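Thank you all for coming; I would like to walk you through a structure that is new to most of this group. Please have a look at it first, and then I will go through it part by part.

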Amino acid sequence: MLKRERVLDIIKNFIFFSKDRAGRKTKIIPRYMQYWSVKKAYERIINYLNNKDYKNRGLIWHWQGSGKTFEIIYLAEIFYNEFKNRDPIVFIMVDRRELENQFNDDIIALQNITFKESFKRIESIEELKKVLKIIKESEKNINISGKGVYLVMMHKFDKNKLNDFINSFGSIDKKEILILRDEAHRTELGKFATLRNKILKNAIAIGFTGTPIHKKDASTFKEYAYPKEGEFYLDRFFIEESIKEGFTLPLIWRVVKPEDIKDISEEEIKNIIEKLFVDEEDADKIVVSKKEIAEKIKLSDLLKSESSIREASKYIANNILEDTENFKFKAMVIAQDRKSCILFKKYLDKYLKEKIRDYDENWTQVVITYQHNDEVEIENYKKMIENRYNKNVDELNKEWADKFKTSNEPKILIVNKKLLTGFDAPILKTIYIHQFLKDYLLLQASARANRPAINKKYGLIVDLTGILIENYKKAIENYNLYRDEAINKDILNNLFVETSKIWESFLTKLDEFKKLFNSITRIDFNNFIENLKKHKEPEKEFKKIIAKIILSDKFDYFYTKLRELIQLFEAVGAYGEKLNYYETYEWLKLLSAGINKQTKPKSYKIPYNRIKKELIKYLEFDTYKDIASIPLDLKLLKNLKEDEFNVIVANIIYFALDTTKNKKEPIYRIIYNRIKELKNEYITRTKKSEEVINELINYLNSLKTYEEEEKSLSNSDKALKNILFYLNYIKNCNIRKLPLTEKTLKNLEDKKLIKPSDFDKIKKFLFIDLRNAIKETEKRRKVSNKIVEEIIKPIFT
């Protein structure tokens, strides 16, 4: 980073000055991972625009806290400046209003960016149309310029509202268009992304995400990288690197479960069902066993139980003061659904009032999305808070989220989906999860607690479901697969198929399907669609066609080909060429639904969802209790499989390193250096996992004892404790007393001026005290000198 040409590059392109509303100025310079990711992305851009490479996509896979916002702004600024003679255009694309506001505020606050003169936030689809029209016209007229940096929401690429542009202009051919897509794992598989890719067909697209999706039918890697060629990302900075560099904190997981759940008998189930359906005609047909119900009820159903929420709230109320360090930090509760959020508010208010004398209901607030025709409980709660605070719920959601970061209240936010991603609040330390989460959403949600803050050592995740730690480890293991070259080859061979090949297959099979449709119905498929649109009784006509298909001897083959076509269309993601086939796709789905309706038996369907919802009201959850706290529960660790130690050892190591880093006392420095050695021993497998964990926990326990005693210790006692710790734990000497050294140290206490000769005297007596423990003379002399220089002198000088 400090090579001359890089320093000059940073000075030229990577130093911004920001000014907030209060007039305070801040200098912004890049972290190393920001610098390298921007350079790699820019190299991709140059090679494409100078016709040295066909690749025009790239993925920056950077974990939370790595500064993706400024990576995007750096790249926009460099591209805008370096290609100023080629009419450069940048689209910063987001899919959430909060992100749009954040980018807008950050860019407006910057004082020295060149592109600010032509920066524009696109507020409407009409504005987007105008920008796209200017860009298209500039391709033929050099006097027209679309040059600029545009901030736009993905949802504005709406086919229905951009139809007139598509019909008039089609696609834009210009190559000097840069798409910078934040949170690239979202909103990338549907109509919005498809239309964007169709219109901006030759643009360069760089995606930024901390949690790429990696499934066969939905892949961020496929949309923004070249997995078939072995490229999964341009740059990667994941959890381990982020913790190591101090950009995020390690997480400690506490696993909590109810001691028991009161069972419901067969007789009780029967009575509940009879009462529920007493006034309905088909009540006699509803016969379900306890086993059938048990199979239908999922963890997500149980987490909506009022009894479960009540007991979880009791647990939170009993532990939150300790978990937040008496609200020096704040907490979040993640509930299974929106109605559960309101129940958590009810019970947290009840139990926190009992526990905390000065508790105020404003300490706890619910931040959720409200919809039209909501359930009664949600609608009533909405009306209640709007009346109480004299503001609408959108204003209240924003206010509470903002005040959570900056003000004393609220201290606890209760959420369902909102704020699980992109909510950056360093004050948040503890997250209580009472929702079944997995994959990237679990990683994103848990990352809300890992932002560094003054005196914050770690983030705490309290898993009230009892099972999420396994999902978390699985998600990290899956992501870590992409670091291994051999596994990458296996993944790309088995998981990724070139999108163009899937599309070619779709088009071929669509032609075959149309011929098959014609052979069965004697109607051209395209005419079939147009005729139904104009028909006076389209539903009646549609049923006639379905009947012909079902009665055909080719029906099974037809239905198989129909389902295959639907799956192929969905598998190509946001491929631009599919835009003109969406109507065909909708008709294919209509055909499938029509066939299913006619062919499936019309038997009475037992309303399991209603039954589940009612039965869960009768479940009684016992008290929630801690099952384990990872990484500090040694008994639990001994029972874990070897491959599960990776996440746990990493957490303990980084927790221990963070605890000992930058402390003045020698004991901390000694342990800090030893832990770094331990880390290498674990990585290289020269030490077993259990040995590493035991040693780490011994160090942490020693530190705890030392910290408890330290305040009452004199300098001589402090020095002696540090020396004995070093000799016993680091040098394995098994020494309890150093009589000559101890006496000499106590004499130093009374001296106003300590001379070099005093330290020489300690070396001499220490050398004598160690004669039985370290037989080799030269080794004993080195240890004596090291102890005086690195332990005794720092304490007495």
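Before I count anything, a word on terms: helices, of at least four residues, and strands, of at least two, are DSSP runs, numbered from the N terminus. With that in hand, the chain has 33 helices and 20 strands. Please keep in mind throughout that this is a predicted model.

Let me start with confidence. The mean pLDDT of the chain is 81, and 80% of the residues reach 70 or more. There are stretches where I would ask you to read with care: over residues 486-496 the pLDDT stays under 50, and the model has 23 contacts for them beyond four places in sequence. Residues 630-645 also have a pLDDT below 50, and in the model this stretch has 33 contacts beyond near neighbours in sequence.

Turning to the chain as a whole, it has 797 residues, of which 50% count as buried. Among contacts with a separation of 6 or more, 78% are between residues 24 or more positions apart. The chain exposes about 40,000 Å², and carbon and sulfur atoms supply 48% of that area.

What about the interior? In soluble globular proteins, nonpolar side chains tend to be buried together. Here, the largest nonpolar core has 66 residues, and those with the most contacts inside it are Phe91, Leu200, Phe528 and Leu591. Helix H20, residues 499-521, gives this core its largest share, 8 residues. If you would like one residue to look at, take phenylalanine 91, which touches, among others further than four places away in sequence, Ile122, Leu128, Tyr150, Ile177 and Leu200. There is also a second, separate core of 61 residues, and it includes Phe344, Leu419, Ala445 and Ala449.

Now to the charged side chains. How many salt bridges does a search of the whole structure find? The search finds 48, and I will pick out a few. Glutamate 82 and lysine 12 meet through their side chains in a salt bridge, at 3.6 Å from N to O. Glutamate 82 lies in helix H3 (residues 68-82) and lysine 12 in helix H1 (residues 4-13), so this pair ties together parts that are 70 residues apart in sequence. Lysine 12 is exposed, with a relative accessible area of 62%, whereas glutamate 82, at 39%, counts as partly exposed.

A further salt bridge joins the side chains of lysine 339 and glutamate 375, at 3.9 Å from N to O. Lysine 339 is in helix H14 (residues 338-355), while glutamate 375 is in the loop between strand S15 (364-367) and helix H15 (376-389), and the two are 36 residues apart. Both are partly exposed, lysine 339 with a relative accessible area of 23% and glutamate 375 with 36%. In addition, glutamate 399 forms a salt bridge with lysine 391, with their closest N and O atoms 2.3 Å apart. Finally, Arg97, Glu100, Arg121 and Glu123 are linked in a network of salt bridges.

I will end at the surface, where Met1, Leu2, Val7, Leu8, Ile11, Tyr32 and Trp36 make a nonpolar patch of about 660 Å². H1 and helix H2 (32-49) each supply at least two of its residues, and H1 gives the largest share, with 3. Methionine 1 is found in the segment before H1, and at 31% relative accessibility it counts as partly exposed.

Key
Residues are numbered from 1 along each chain as its sequence is written. Side-chain values use heavy atoms; hydrogens and water are left out. pLDDT is the predictor's confidence in each residue, from 0 to 100. Contact means heavy atoms within 4.5 Å. A salt bridge is a side-chain nitrogen of Lys or Arg within 4 Å of a carboxyl oxygen of Asp or Glu. Buried means under 20% relative accessible area, exposed over 50%, partly exposed in between (1.4 Å probe, protein chains only). Accessible areas come from the Shrake-Rupley method with a 1.4 Å probe; for residues, only the protein chains shown count as cover. A nonpolar core is a set of buried Ala, Val, Leu, Ile, Met, Phe, Trp, Tyr and Cys residues joined through side-chain atoms within 4.5 Å. Patches are made of residues with over 30% relative accessible area and no salt bridge: like charges are joined within 9 Å, nonpolar side chains (Val, Leu, Ile, Met, Phe, Trp, Tyr) within 5 Å.
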